[in-house]
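Me: I am in my first year of study and would like a close look at a single part of this protein. Please take me through one sheet and what lies against it, and then through one residue elsewhere in the chain.

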Amino acid sequence: MLSIGRHTGWRLLQLRPGCLFLCDLHPHKTLHHNHSRAPKTCHISRRFASGNHHSTSSGRRDGGPNPTHGSANEKSTLNLPQLDVKWRARWKQTGRNTNYYYEPTKFHILVRLSHKAVGGMEQVFVSKEATLPERLVENMYILPMFPYPSGDLHLGHLRVYTISDVLARFRRMQGYRVMHPIGWDAFGLPAENAAIERGIDPATWTKQNIQKMKGQLDAMNGHWDWDREFATCDPTFYKHTQRLFLLLYERGLAYQAEALVNYDPVDKTVLANEQVDSNGKSWRSGAKVEKRMLKQWFFKISEFREELLGDLRLLSKNDAWPERVLAMQKNWIGKSKGAKIKFPVTAFNQQALAEIEVFTTRPDTLFGVQYLALGSTHTIVQELAKSDVELQAFLDTMPALPQDSKIGYLLPHVRATNPMAYEDDVPDATKTSLPIYVAPYVVGDYGDGAVMGVPGHDTRDHAFWKHNRYDEPIRTVISSSPDESTIVEDQPFVHPGHLTSRSGRYAGKTTAEATKKIVELLASKNLGGPADSWRLRDWLVSRQRYWGTPIPIIHCKSCGPVPVPKDQLPVELPPLQDHWVTGKAGNPLEGAHEWINTSCPKCGEAAKRDTDTMDTFVDSSWYFMRYPDARNPDIHFSADAAKQWLPVDIYVGGVEHAILHLLYARFISKFLALTPYWPSGFATGGEPFKTLLAQGMVHGKTYSDPSTGRFLKPTEVSFSKSKPVIIASGKTPDVSFEKMSKSKYNGVDPTACMNKYGADATRAHILFQAPVSEVLEWDEEKIAGVTRWMRRLHNWVYEGYRADDASCFWHGYWFDCRYYLSQSELDLRIIDTPNFASLPKESQHNLLLQRSDLRLQGELWRHVQKTIRNVTASYSNGHSLNTVVSDLMSLTNAIIEFPSPQSNNISGRLLVLHQAMLTLLRLTAPIAPAFSEECWSIMAYCKPPLFDRLKGIISTRSIAPLAPSCLPTSIFENSFPEEDGSYESLAPATQKVSVQVNGKLKCVVEIDKPLAHLEGILLEKWVSKEILSNGEAKGKLINERLDVRNSTKVIVVKKGQLVNFVIGQRQAKKK
């Protein structure tokens, strides 16, 4: 038994090798230990206890149902892929990875060992003082954008689902009631095309893919609320999508209208403007898009444009949404302030044409208008095309022209008049009639599909005029200076300025002054007025294809469009197996006569179903609102469920969805907040997502031939040498990181990566390589750093905690390290008293070593607290998850490299190391769940014979029994670490020292405060050593010209606040 004499406080006594007890010692008390009666409560290897715990083994280990603790010579082995299989099976068996809520166990406990007389013998028993917090029931809804079931997860999927799973696990450990659901965006044209290629029903193909991808999601060690899972192609879901359509229809927000639409001739379907790229090609098939006039269904999103724009301010608070996403949304909504101006039209062939109304943000340039340009959909253009063959031919070629084309078609026999021409005091040039062009650069759905051409003050107008009227001068009506001295004739001046003499009575006025006056004049003449223009147009939702939600409308010749009665929903898609076998493109619903032909719900007469289906963006615009009440058969979701869970707290997805999906989701949410479904949403403006994490794309390592630029397949490159070599030529390929695509041969199969390295290592690597919002350059070679960290950590745990009889009993309790460290420091306060000098030299030496050890323990625990602070902050904001892994690696190094004790009291060292490791594993758990569970089980496992004895002892004292493995059996049943307030209190006590040499200041150094008992020569030696341990000071005090180690005298003033090294002339020069 170790005796500590008269010194009291909390201590761990080493009763015999491998057996530790914590006792509250008092003066003149002795704790008797009966080897035969006392249970062995903690057995830790001597290697761990002494500090010689650095493990070099790097083998593999496959644990059974419980961790296996072998002999002292057994080495740790780690097989991460096998751990994934083991713990997924365990989670499935216990149900811990299916429920959406754990109530983590929180302990703030001090442990005492006391002695009581039991049957005439002194028996050791355990008691614990525990404070369990109130049950936390605050909800947290964390959602990743649901995947399209293409059949395989790619690394972009794995990145977004890793991020959301990490955040969900973190919040769950914090005590939140977390909902983390997953589903399938299962409708869409790719499934329909795949069905045609394979000759199978798209439903069959989709369900097969869902099953495969579901297995891949499980393989990434994700924790999903599978009980809330759904697919948008399931009639039980799209029944409610149809109800949403009818709800919008009843409110006048869904309507059918003739429209010139984008038509994909390959996929034979209509595309929204957003689905046509800048080259006029389909985003799906790549085909050149055609313009066709068709009757289409629209959602009136324009009714909500003010709210959609204005509420972006709410989303910008506290950086809830990324600034770039907000900017993209704002630009897409596209509100412009300006004026509408009417240009009268004259047709020389006596044809009556309406005046042309133009929106402009620069009314001050009205005197510089030299032509008008119309879009292909303008009513005047469509009317004239009926009798103008050449115009119609030009319109037919326009879809093939780029939007920035300078080609234009001059409308014959038609001219326009500048509205200022009717004023008496305007220049003659303003009164000249204006030519009218049809131009590809005029966007038909912006403004009124008409542009006033001002070549002198618009870059695009300037280029168009130079191409079509190159021999006519350009009129400049704005100058940067009032005296017109800065006018440059050969390039447009596009900035505000001062109106020139060509602007009549407004000459000399600023842009702002002239704009106000001109708009007021036009309004008084009924030729214009102030106006706003919006880029956002109503949402075209109908598609001419099969694999989508059928539009629940019946067309009757007598009654017109009639909604399908709600009790007849869903309108299900008919099975059309023959169509997929023949492989025809187009909409097969048009030939499903039995399905199309029906009766009118109003009059009962023969009628036909609408054969269009809805854009898949309709499904994704509200799916997140279904999860809270996913099994409700009657309505979309109940108001109670919506109030409980909506809006989504954290939404995770790719930045490529920053415009369309998010905009449509915001529109539908704002609409439903005005209905009985989500009345509580009105208070938050109907915004669906509180926080948006838009992760960057994943780029793959790409090899190309430097001579041709051709992308190389991996099989064309040899990696046998230190650098890659092109097999055919022997040259070194160009290496870059590019967006993953089949054509670049740089795709990565995440399943293969997880099978090779383990899901946890893959997850950690994904997070470690880049901040969430930035591009991730996937380099598989760098994953080795993550696996080395995990192997090193696992080896330390395994080597430190393997035991012949039991693991550490202390795992049943959370020990308060802050209390231990502070009390132990108080227990050593005799060192700072005059009585210290009266102690034997050996006792003084031992106590000083104990304090040195204690301060090292304090430094480690302070590192733990700093890591808790940093990691919690990173998890909480979600943007800097890469720093979490680096912080965990740093703490791992601090624990493993913790120095051996100098004193003979190893108890405190064990205690702090043990608690530090428990903390590290809980910090790691959200990122590496299976790995953390394995390490936790090694530390926490208690063999049944020992557990039975402990349970018997504890139950006799009416104390809550321990779980079968001392600690809660899963690491996720424990709370996430919280700071204990010791980071500041454990900050080392330091002081600044002014260092002189022969009375001249050389440097100022910060060192620890010297111990109170140090005086005389001991103080001189201690302070000198501390000063020279500072690298910067050492360089100034020991060099070619100076070496303070040769000083003849060291003068220490004010306990080391000033130190003067006295050196003779010879000693100063001596090297």
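Reply: The account below takes the sheet as its main part and then turns to a single glutamine. Please bear in mind that the model is predicted.

The sheet is an open one of four strands, and its order is E8-E7-E9-E20, with antiparallel pairing. Strand E8 (269-271) and strand E20 (539-540) stand at the edges, and each has a single partner strand, so one side of each is left without a neighbour in the sheet.

Strand E7 covers residues 254-264 and strand E9 covers residues 290-299. These two strands run antiparallel and are joined by 10 bridges. As an example of how residues face each other here, Gln 256 has Trp 297 in E9 as its bridge partner. Helix H6, made of residues 235-250, lies across E7 and E9, and the helix runs at about 85 degrees to E9.

The single residue is Gln 991, which is placed in strand E34 (residues 990-997). Is Gln 991 buried or exposed? With a relative accessible area of 12%, Gln 991 counts as buried, because buried means under 20%.

Beyond its neighbours within four places in sequence, Gln 991 is in contact with several residues, including Val 1005, Ile 1007 and Pro 1010. Glu 1006 is another of these contacts; Gln 991 and Glu 1006 are 15 residues apart in sequence, while their C-alpha atoms are 5.5 Å apart in space. Lys 1055, Gly 1056 and Gln 1057 are also among the contacts of Gln 991. In the case of Lys 1055, the side chain of Gln 991 reaches the backbone oxygen at 3.1 Å.

How values were computed: Residues numbered from 1 in each chain as written. Predicted model: local features only at pLDDT ≥ 70, side-chain atom pairs only at ≥ 80, totals over all residues. Heavy atoms only, no water. Buried < 20%, exposed > 50% of the residue type's maximum accessible area, 1.4 Å probe, protein only. Contact = heavy atoms within 4.5 Å. Polar contact = N/O pair within 3.5 Å; in protein donor to acceptor, adjacent residues only side chain to side chain. Pairing = 2+ DSSP bridges. Axes fitted to C-alpha atoms, helices over the stretch in contact; angles between N-to-C directions.
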